[in-house]
Each structure stands twice: as structure tokens, then as C-alpha cells.
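Reader: Could you walk me through the structure shown below, beginning with its ligand and then turning to its cysteines?

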Amino acid sequence: MSPGSSHSTRYKAIVIGGSAGSFQGIVKILSALPDSFPIPIIMCLHRLKHVRNGFVEALSLKSVPEIIEPYDKQPIKKGKVYLAPANYHLSVELGNYFSLSTEEMVNNSRPAIDLTFHSSSYVFRDKMIGILLSGANRDGGLGMKSVKDKGGLTIVQDPAECMIDTMPKAAIDLAEIDHIYSIDNIISFLLKLNNIKYES
Amino acid sequence: MMTEIDLADIKRITELIKTRYNYDFTNYALSSFKRRVSRILELNKLSVDRLIQKLENPEFLEYFLNEITVNVTEMFRDPSFWRALREKILPQIMVNHKKIRIWHAGCSSGEEVISMSIMLREMEIEEDVQIIATDLDTNILKRAKEGRLPLKNMELNERNYVRYQGTGKLSDYYTPQKDIAIMDPTLLDNVSFRQHDLVRGEVFNKFDLVLCRNVMIYFNQHLQNEVLNKLHESLFKYGYLAIGSKESLIWCDIAGKFLVVNNEEKVYRKIKE
Ligand SMILES: C[S@@+](CC[C@H](N)C(=O)[O-])C[C@H]1O[C@@H](n2cnc3c(N)ncnc32)[C@H](O)[C@@H]1O
């Protein structure tokens, strides 16, 4: 697929899942993005369940775009990076806003990546990109499959580069993934959506 | 992954329940409602058609209501919220009132209510407070009334209690018996539990403090607005409303009738009728 400015209008969301070993990669991605990236970025990362504060701050240290833990029913806007809050599942609703929920844990996780991928693929269909990074359980695998089934673009972090490769491998097992990229390649890919050159 | 349910099928289900039983799920948030329906279909290996047939039976409806609602809760959820109640909100209410009335709307299995009772006991104002706790789901209310909590959750509850900085030990408030924590029954002496539907139910009383936490996240914005109007009406002027830490009033019509008292913990005060 050739990159170009049409991409930023083609895609309505980029959804990123990550767990153990993904923190550095996420920080690197966020620090490479411009202030107003044209596509909303939605992140569901496994995190300590009962620590409400601190995670956004840690991610924000190097991030250029502002990171927001959305409130229930908060509208999704471009130029923003959203992070699933501690102890809540994060879903996307038709009409382009978030819902939070305290439903049972999925894959031992709340927020669960499968759930965010699943609900966002239902809303964004072929207009989303799903990215799954390093992680120690299989959460996100089935979610990537639903992104793929709905026609979205799927990218996983190269298992060879992952600190823990269980999660990306689960996705590769379950779905035909479009791209297997290193973090640097993920960054170049994202920047091409915005027509910016990345030098690592 | 979960079976994907058609919106048309969701509509058939909500219409049936509305006309036959007068419960209205039409304006529940779609993402979680769909997941709950899928879950029921999968747990019982049912097709949508079969589910609709079974819903004709009121006994099955009870089961359905129990499963469709999300009852996950904790004692002292968000310890910093409970500290704010103890240190700021309740003392403020006490200034003007000898007797305080509190409503837990959507109390689930009662963890929030028991937390309140423990807090009031430790503040030594238990006698001055009357608590009403309501939920849509009669099954979960029955559990709440019994004051029995799963023992496996007590570790988490204990951790929250410690972070809340309770003055005692949580273990003083319950007796473990097999896999159950039997809560001190006197904790529920000033509590009355009753079934109440925030969507279809009438405003039934006035309160100094209403807790409606992690309930409206299951509604769409239209319904949140309607329910917030009812909660507003259920408060005395200058009464307090507490919602979940990731909920917000800013998108609601009624926001202007409330003052933000604590934005971090989502406590509001009714300043206009
Ligand atoms: C996640 S629990 C919240 C428990 C507690 N307030 C907390 O924050 O931990 C949500 C509760 O809302 C109840 N609920 C859902 N719809 C309702 C309605 N229309 N009227 C009253 N309660 C409702 C559910 O039965 C469930 O017990």
C-alpha cells in the first residue's frame, strides 16, 4: 500500500494494544509523533489495576501529543492520544465516542485489549489500523482478528524484537497480519500517514 | 470471539422487554449491552430467536436482568474518593443537619453500602444517618441484603480499606466462613434495600447525598441526561451527588445546576432547583 496524504483521511483511528515489555516502544512512538497527528490514537495498555495516577504522567514525559484518559462518553477527536483508564474497559461507540465499563476481566485484564479492538473494529471497520506490541499473554490476538475481519489494517511488532513475544505471536496465529514491523518501522509507517520523514 | 449480534436483533430484544415487562434498555450504551447479550447467548448456548422465546417467561427475565447488568464492584473503590467523603463532604453536610439521608443508586451486591456504614461507624455518626440502597437487579439486591461477600474479594477490599486509611482493621467487620465473608449484620441496621429502576422508576424521596457510581456508564448520553434530572430532583438544595471517577457531568444539560465540589473525585453539589 503506498503511503500518501489520502491515508490521513482514509483512516479514522489507530488503536494500539500492548502489555509487558511494550512501555519503551510506546514511549518511542509517542515521542516521534507530531503535536497534531491527523488520526486519533487509542491505546489500551495493561497496567496496574488500582493505581489511578502516574501512568499517563510517565507516558507523557516524552510524548509530543497530549495523552488523555477519556471520561465515559467523551468524543473521539483527531490530534489526540487516548489511553484506557485503570480498572475500566474502554470501548468505542457508534457516533465516535468512548464508553467505559467495569465488566468482568477479559484475559485476566481490565482494560482488555481484545475488547477495545473488538468494539473499535465494529465502529471503524476498514477505516482503522490495529497495532499490537510486546506482551506476556494472549490478550489482543482475537481483537486483531476482528480488526482484520472487518477490513482494517493490522500491524504487529516483530516478535524477534519484543521483550515478550506471546502477544504478537497470538495475533499472528489467529489472523493474517498485514505487516510485521519493528518499532522504528511502525514509526516510519505512522509518519508516512502524516507525510513526515523519520530518522531513527 | 463473541458472536456479533445484529442491531435489529438487539432491537427485538429491547422492544419485547419494554412492552412485556416495562424495563427499558433501549438507551443503554450499545457496546456493553451487546456484549452482555452475547454473553447470555453463549453461556446458555442460545440463538437470538430462542432467547426471545425464553424471555416470555418471567422467571427467565429475572435471570436475564441479573446477567445483563454489570454487578462488578469493590469495597472502598477509589480510596481517595472515600477519604474526600470522610474529610470534606460529610463534615460539610453535618454542619447544617442533625440527620443525614443517603441514597446508593445502583448499589449492586452492597460493597459500597457496607463501606459507607464502616466509614460512618468509624466517624461515630452512624446513628445520625439513614441509608437507602437500590438496584434494578433483584437477585443482586438479595445478596446485598444478606451482607455476605465472596471471601476471595476480601484481599482487594482490604487493600482499598488500607489505602482509605480506615481507623480499624477490615477483619474486625467480618467473619470468614468457608468461601464467604459474613459481614457484621449491625452494619446494615440503618440501611433499607429496595428494588428501583433509575430509568422507569419515579423520584421517591429527597436526600442530602446521592451516590450513583459506575451505573450511568452503561447508559447512552440521552439516558444519562434523563437519569441525571431524576437524581437532581432527588437531592435537597445544596445536597451532594457523587458519580464514578471516570464519569463527568460536563456533557449534560443539567451541569449548570451543579457546582463542582471535587473534580478529581467527581463530587457535585446541587445549587439550583
Ligand atoms: C457496576 S455496578 C456499580 C456498583 C457500585 N455503585 C460501584 O461503583 O462499585 C452497576 C449497578 O447498576 C445497576 N443498574 C443498571 N441499570 C440500572 C437501572 N436502570 N436502575 C437501577 N440500577 C441499575 C446494576 O444492576 C449494577 O448493580
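**The ligand and the cysteines**

Author: A polar side-chain atom of Asn71(B) lies 2.9 Å from an oxygen atom of the ligand, and a polar contact here is a pair of N or O atoms within 3.5 Å; within protein, one must be able to donate a hydrogen and the other to accept it, and residues adjacent in sequence count only if both atoms are side-chain atoms. This is a predicted model, in which local features need pLDDT of at least 70 and side-chain atom pairs count only at pLDDT 80 or more, while totals for chains, interfaces and linings use all residues. Residues are numbered from 1 along each chain as its sequence is written, chains are lettered from A and ligands numbered from 1 in the order in which they are written, and side-chain values use heavy atoms, with hydrogens and water left out.

Reader: Which residue has a polar backbone atom 3.0 Å from a nitrogen atom of the ligand?

Author: Backbone atoms of chain B also approach the ligand's nitrogen atoms, and for Gly106(B) the distance is 3.1 Å. The distance of 3.0 Å belongs to a polar backbone atom of Arg213(B).

Reader: How many disulfides are there over all chains?

Author: A disulfide is a covalent bond between the sulfur atoms of two cysteines, and the rule applied asks for a pair of cysteine sulfur atoms within 2.5 Å. Over all chains, the count by this rule is zero.

Reader: How far from Cys44(A) is the nearest cysteine sulfur?

Author: Cys44(A) counts as buried because its relative accessibility is 1%, where buried means under 20% relative accessible area, exposed over 50% and partly exposed in between (1.4 Å probe, protein chains only). Cys44(A) is in no disulfide, and the nearest cysteine sulfur, that of Cys162(A), lies at 17 Å.
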